[in-house]
Amino acid sequence: MPVQVRNWFVGALGVAALALLPLGIRGEYSLTILCTLFLYVTTSQSWNILGGYAGQVNVGQAAFFGIGALTTRLLWLNGMPFPLAIVAGGFSSVLLAVIVGFPALRLRGHYFAIGTLALAWIGHITIGNLLPGISFLTGRYVATYSLVLRYYVFLVIMIAALVTIYLVVNSRIGLGMEATRDDEDAAQTAGVNIVKYKVIAFTISSFFVGLAGGGFAFFYASYYWYLPFGLMWCFEPILITFIGGVGTFIGPIIGAVCYVALKEIFALTLGEINILIFGIVFILTILFFPRGIIGLPAALRHLKSQKVSGGAGESIGPR
Amino acid sequence: MLELSGLDIYHGDLQALWGVSLTVRDREITTLIGSNGAGKSTTLMAITGLLRPSKGSILFDGTRIDKLAAHKIVELGISMVPEGRRLFPEMSVRQNLEIGAFIGKARRAKYETMDWIYEIFPILKARAEQQASTLSGGEQQMLAIGRALMSQPKLLLVDELSLGLAPVVVEKISDVLKEINKSRGIGIFLVEQNVQMALELADIGYIIENGRIVGQGEAEALLESEEVKEAYLGIA
Amino acid sequence: MELAQFLTYGVINGAIYALVAIGLALIMGIMGIFNIAQGSLAMVAAYASFFLFQYLGIDPFLSLVLTMPAMFFLGLLLHEGLFSWMRNFSAGQKLRNSLLVAFGLVLILENLATVLWTANERCVTTAYSGAVLATAGLRIPYIGLSAVGLSILVIFGLHFFVKRTLFGQSIWAISQDHQCAHLMGINVRRTTLIAFGLGVALSATAGAVISLYTVSPAVGLDWTNKALILVVLAGVGSIQGIFFSGLLLGLVEVMSVYFVGVHYTGVAGLVIFILVLMFRPQGLFGKQVGV
């Protein structure tokens, strides 16, 4: 298919450009911003496959991000080579998904969302209680710290996530997920194993979120142990995916670019009230881009013929 | 009493109805028949105000209702028995009936109306305190009709009466509908896949196919017509 | 005897959690709006109670007469401005959108509070603030006792209201099948607006009690979290369940402190939460999932 070939081509170009970038740009600020960007793309796209494609709104991604970070940090600082530590982080996140996430998938609608949010919050409090201090990088880790290395680590994680997710959503599995999202009952009647698709989405999502968490742990020299469990890690990926377009592949990427840019501008120019303004912009974005930047033209068309029967293509039925 | 003229209706981007026009006369039983997905339920949703037509108009006793809010349409005297019953599952039989009499004038006559419903559907009285979700299909259909009647409508819309019900039950309910039409003069607009039953019950029939009206006439005549017999009754 | 004292505190905490949760349960249950700003709204109400006490000397329980209507109107404004446009969205879209909007609201409220009132903790100290009712070997703080009383009054009052009044029945109908509610002649738009206002007004009751303990701009999310846990524990559609779930959480928390130590209160919540999720996802008092 021409479109797919074109996509791969563009993607390959992008990867090549990003891979070669540190040869020309080595400034700490630039590389850090790019690492942040890659991190956000990864976490957002991971959220997107579960929330946008499979329709399971996970509001507790911080728990998975956090556990990936925690596992990686502990293993790495105790001698494990960082690639293994990061991958272990990914698996610890999947383990969390298996223990708590899969049972939670039985919850419908907003109960899954509440459940995951409360989970993240509880995780935050628990870690805050058990490990209230700061994790520091010691001696040799500091001496051998290379920002460029971390740039490539985040780049690799992001590419792995994007490639995997691209392949999945464009396959039959992706169709199964979308069928599950659009109408679970109809999908089941059509023979779609909705449990299987939810589980696949959740596994992929948690794995890459865990990897991203591992990247975080590898990146920061020192941070409060509970930081990667913070609520912002729940909401930012959702907002980012939102801005770009939920359920689209390119959405999280566009969203992440806009978000990182905006956040930097605000932080640099607004000082004390920057979070207040941020909150306002946050809300305005949702008010004016309910389907993301991508969905804008379609959204305007839809608003005309609907009255009470709900969003585009929804079957008539109880809420 | 009810006039639909040139209705075009969309579900999102898909057009479901094309220039649909029909008339439901006072005190009569009118039916709209067609196969699954032909646009029958869509028509009802437009009448009740749950969907807004993008073209055309709906007049009820001379008043335009296609732009009115759904609850106002109920106040004007149109009530619907939804497809699949759609009872309030957590409420009891009695509570479902009571909420049916939500609008002002119906509220004041609530207990008389309920007595009447219990008369025409005695089984509901027996199960008055039972939770709606525990009733059988036929009982649920009776409750759905009873609930719709609680608002004291002039026109009762019925969406797919026969769906999922045994023929014996369908016949019984069909008789009840005929009875309330005769005794209380309540107009009935029945949307149905079961052509035989619908045309036997109704006075006037319309046929809809792929979102367009393709035939109309006296129900008896339609029942006898060759086209209907072939297309819907399987008689060659 | 010490354990009994702990349990008393558990009951009191639980009752307070329930007060925060009840407004949230109403808003989420009826409108499908994921209002994580509920705790932050309680925080705002708590500040209102605090300032009414500080400048006018009105006891927080009495100033509810002022704060509840005020929060009700705030609720109406917030609904019209921030949530009404989501009215016809599918459940999933409404969930996502309302969640994000509410989070933005949390950011705004917290920071506004910090800017206006500083991050310092405030507390209302009344004549009876330290007093206790000594009975049956227990020392029951009057504040706590009043909190439990208020909680029972509010929750069972709401339950009664929903089951016995016409407006309450319409709210109940909307929560079960909102399209069908239209067909009954219920003005769903107006009813949900008022119900939202009511849900926010209920946060004022939590606010009044919170002001007697501690208020600071950051408490909002902590309270919301407790409220969320209760909503999951209680399950779909159960108002009374909120109260009992609150008691359960409160008791489990203090028992974990008593037996294991202070650091593990959060864990206690986590454990019951996971257990309920795994073995009874419809909640302890709710109906089936997906109804």
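In this predicted model, 46 residues of chain C are in contact with 46 residues of chain A; two residues count as in contact if their C-beta atoms, placed from the backbone, lie within 7 Å. Helix 4 (91-117), helix 7 (178-183), helix 9 (219-234) and helix 11 (265-279) of chain C each supply at least two residues of the side that touches chain A. Helices (H or I, at least four residues) and strands (E, at least two) are DSSP runs, numbered from the N terminus. Helix 4 of chain C gives the most to this side, with 17 residues.

Local features need pLDDT of at least 70 and side-chain atom pairs count only at pLDDT 80 or more, while totals for chains, interfaces and linings use all residues. Residues are numbered from 1 along each chain as its sequence is written, and chains are lettered from A in the order in which they are written.

The axes of helix 2 (residues 38-56) and helix 8 (residues 188-213) of chain C come within 7 Å and cross at roughly 55 degrees. Helix 2 and helix 8 of chain C are therefore oblique to each other (under 35 degrees is roughly parallel, over 145 roughly antiparallel, 65 to 115 roughly perpendicular, the rest oblique). On the side of helix 2 of chain C, the contact includes Gln38(C), Leu41(C) and Phe50(C); on the side of helix 8 of chain C, Val200(C), Gly207(C) and Ile210(C) are among the residues that make it.

Chain B is assigned domain 1 (1-77 + 155-236) and domain 2 (84-152), with bounds from an automatic or database domain assignment. The C-alpha centres of domain 1 and domain 2 of chain B lie 23 Å apart. Contacts join 11 residues of domain 1 of chain B to 10 residues of domain 2 of chain B. Helix 8 of chain B provides the largest share of the domain 1 side, 4 residues.

The table gives the classes of three sets of residues; Ala, Val, Leu, Ile, Met, Phe, Trp, Tyr, Cys and Pro count as nonpolar, Asp, Glu, Lys and Arg as charged, and the others, Gly among them, as polar.

| Set | Classes |
|---|---|
| Side of chain C that touches chain A | 28 nonpolar, 16 polar and 2 charged residues |
| Contact of helix 2 of chain C with helix 8 of chain C | 12 nonpolar, 5 polar and no charged residues |
| Side of domain 1 of chain B that touches domain 2 of chain B | 9 nonpolar, 1 polar and 1 charged residues |

Chain B also has an open sheet of 4 strands in the order 2-1-4-5, with antiparallel pairing; strands pair if DSSP finds at least two bridges between them. Strand 2 (14-24) and strand 5 (63-64) of chain B are the edge strands.

Key. Axes fitted to C-alpha atoms, helices over the stretch in contact; angles between N-to-C directions.
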